[in-house]
Each structure stands twice: as structure tokens, then as C-alpha cells.
Amino acid sequence: MATRKTSPDDLLGPVTLAVGQEDLLLDRVVQEVVAAARAADADTDVRDLTPDQLQPGSLVELTSPSLFAERKVLIVRNAQDLSSDTIKDVKTYLGDPVEDISLVLLHAGGVKGKALLEAARKAGAREVACPKTTKPAERLTFVRQEFRALGRSATPEACQALVDSIGSDLRELASAVAQLTSDVDGTIDEAVVGRYYTGRAEASSFNVADRAVEGRAAEALEALRWSLSTGVAPVLITSALAQGVRAIGKLSSARSGRPADLARELGMPPWKIDRVRQQMRGWTPDGVSLALRAIADADAGVKGGGDDPEYALEKAVVAVARAARMRRG
């Protein structure tokens, strides 16, 4: 069996192994290999196969010499679900891969189909990790890398605003980055992201909270009215306000230290530590208590305890903004 390790840069290596469950990253591995193959030979034959399409004996047929000596890319999706007999065929092929054929195995990782995974690694396959992105900090890193890959710069605040706006779907995040870089010249900042995505519920509610905890009452009220006019649920706004004030309370009572250390201690991502540090300058312990009581009253008001949810929210926003300025006052 071949044991020469394929270079990570060799897109036309005999075997590429993409491991993980992040669909966007898996698809990108496939796209990169196909693009490289077609750059080498525009007539490359591409076969995209599912486990039920790759039956025992199929791989031998697909990799048999062609009269036209054409280049091929064989993509096997969900390789962990291949039958045991087909896995034997793949293992045999890995020991003697065919020149001008690029085999791309997409494997979810884990225990299922582990023997195939190990065989591909032992054969020296080029391996690409495609892990599921589950943490906010990972999505933030992804957005930064997307801007960098497109040769554009975006402020940290803009990257964070985009993650807050879009959520956890990497395809949507990648699409948003592509749209911004296509439509906007120069450095992309938070204001630009706000113009494009402020209508989203998550972005709007956190925008209200950010302005309020920074003591910017007029801007917070303006953001509140915009959020409500675009259909953001009041409970999302009280929740964002509560999160913002609690974060300030946590950080103000914590020991000083590096963002990474504080992040572990407080259960926050490092980027949030830096943001909250900037927001907490005018806060006092009494201010945190007053703000949380005002938010609790508003929360009760928007959940049926009052006659006017919008007024309850306005009162809470003003109370939070005032509490943010107690030390400065």
C-alpha cells in the first residue's frame, strides 16, 4: 500500500480525504479539486457518488483505463456509509491508485466507517478537516478568514456584527461576506454591516442593547423603534438588554487578567471580553442592580404584565442608559 504523504497543496493528488460534518467546507474541498482538475484538463470527467451509487465492483469499473485517457474526479459522499464490500474495493484501490484520477472521500468522522478513514490516512491521503462550527468564536474566525481570502479588510466590530446578524449558518455568513465585498469599497465597518443586516431580529436587539449599555440613550431609542418597526419580538430585546448588563456585572466583579483567561473564567469568548471592557467604563455595582431591575420590569411588561410593551421597553432602555452613566455623573 502507498504510504507517501500527499502535500496539503497538491489538489490533484490521488486521494483527498475531507473529514467532518460542515457541509460548506466539505463542498469547498470538492470544488477546489474539481477546479484544479479542470484547469489541468477542461474535459475532466466528474462523478459525484452517494453510497448507494457505489456498489461492490463499481469502483473498479470507474477507475478502469479509458480509451481517451481522460482525467477523472471521483467524489464519494458519506463514505462512512459505504457497504463493507465496497469499503474493501476502496481499500484495494488506495493501495494502487490510478494516475490522472483524483478520488475525493467525504467522511463524517467518528466511529462509523473508521477502518476506511484509517486506511486512507495510511495510504498518505491529503486530509482536510471540515469540523462542524459550533462556537461563536469559531464563526467569528471564519468570517475574518473569509474577508482575508477575498483580499478585503473588515473591522473586528464589523465581523462581530455580521456573526450577530446572520447566526450560525456558514453558507449565509460566506454569502454575506461575498455580498459586502462586492458592493462596498474600502474597509468594511460596523455601520456598513448595520445598513445591510440591521433588519434581522438578532442584530437589531443586540444593537439596542449595545447602545443602551454604552449610555447612548438617544441612539438606543432610535434603534429600539427601528427594531420594533421591523417586527422584532420585544422579548428578544429584553433578553439582549439582560445579557449586556449581566456581562458587565460579571466582568466588573472578576479579577483582572488577559482576555483569554477571563473568557475561561466567565464563560465568554475573548472578543466579548474586549467589547464589554469598553462598555463598562461608566458602570457601578449599583448601576448594574438598577438596570437589571428595570429590565425585569420591562420583561414582565412585554409578557403580558403591562398594557403597553413598547413603553415598557422605552423605560428600560432609558434606565439602562442612565445606569451606564452613573459613575460619569
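**Reading the loops, sheet and cores**

User: What is the relative accessible area of asparagine 78?

Analyst: Asparagine 78 has a relative accessible area of 40%, and is partly exposed (buried means under 20%, exposed over 50%, partly exposed in between, with a 1.4 Å probe and protein chains only). The model is predicted: local features need pLDDT of at least 70 and side-chain atom pairs 80 or more, while totals for chains, interfaces and linings use all residues. Residues are numbered from 1 along each chain as its sequence is written, and side-chain values use heavy atoms, without hydrogens and water.

User: Where does asparagine 78 lie, and what is notable about its phi?

Analyst: Asparagine 78 belongs to the loop that links β3 (72-76) with α3 (84-95) (helices, H or I, of at least four residues and strands, E, of at least two are DSSP runs, numbered from the N terminus). Its phi is near 50 degrees, a positive value in a residue other than glycine. Aspartate 100, in the loop between α3 and β4 (101-107), likewise has a positive phi, near 70 degrees. Aspartate 100 is partly exposed, with a relative accessible area of 34%.

User: In what order do the strands of the sheet stand?

Analyst: Strands pair if DSSP finds at least two bridges between them. Here five strands make an open sheet with parallel pairing, ordered β2-β3-β4-β1-β5. The edges are β2 (45-49) and β5 (126-130); each has a single partner strand, so one side of each lacks a neighbour in the sheet. From one strand to the next, the twist averages 15 degrees (axes are lines fitted to C-alpha atoms, and angles run from 0 to 180 degrees between N-to-C directions).

User: How many bridges join β1 to β5?

Analyst: Five bridges connect β1 (residues 15-20) with β5, and the two strands run parallel. Within this pairing, glycine 20 has cysteine 130 of β5 as its bridge partner.

User: Which residues touch the most other members of the largest nonpolar core?

Analyst: Nonpolar side chains in soluble globular proteins tend to be buried together. A nonpolar core joins buried Ala, Val, Leu, Ile, Met, Phe, Trp, Tyr and Cys residues through side-chain atoms within 4.5 Å. The largest one has 32 residues, of which Leu241, Val245, Trp283, Val317 and Val320 touch the most other members. Elements giving two or more residues to this core include α9 (201-213), α14 (285-305) and α15 (309-323). The largest share, eight residues, is that of α11.

User: Which residues are in contact with valine 245?

Analyst: Beyond its neighbours within four places in sequence, valine 245 is in contact (heavy atoms within 4.5 Å) with Val213, Trp283, Val288, Ala291, Leu292, Ile295 and Val320. Another core, of 24 residues, lies apart from the largest one, and Leu62, Leu82, Leu116 and Ala120 are among its members.
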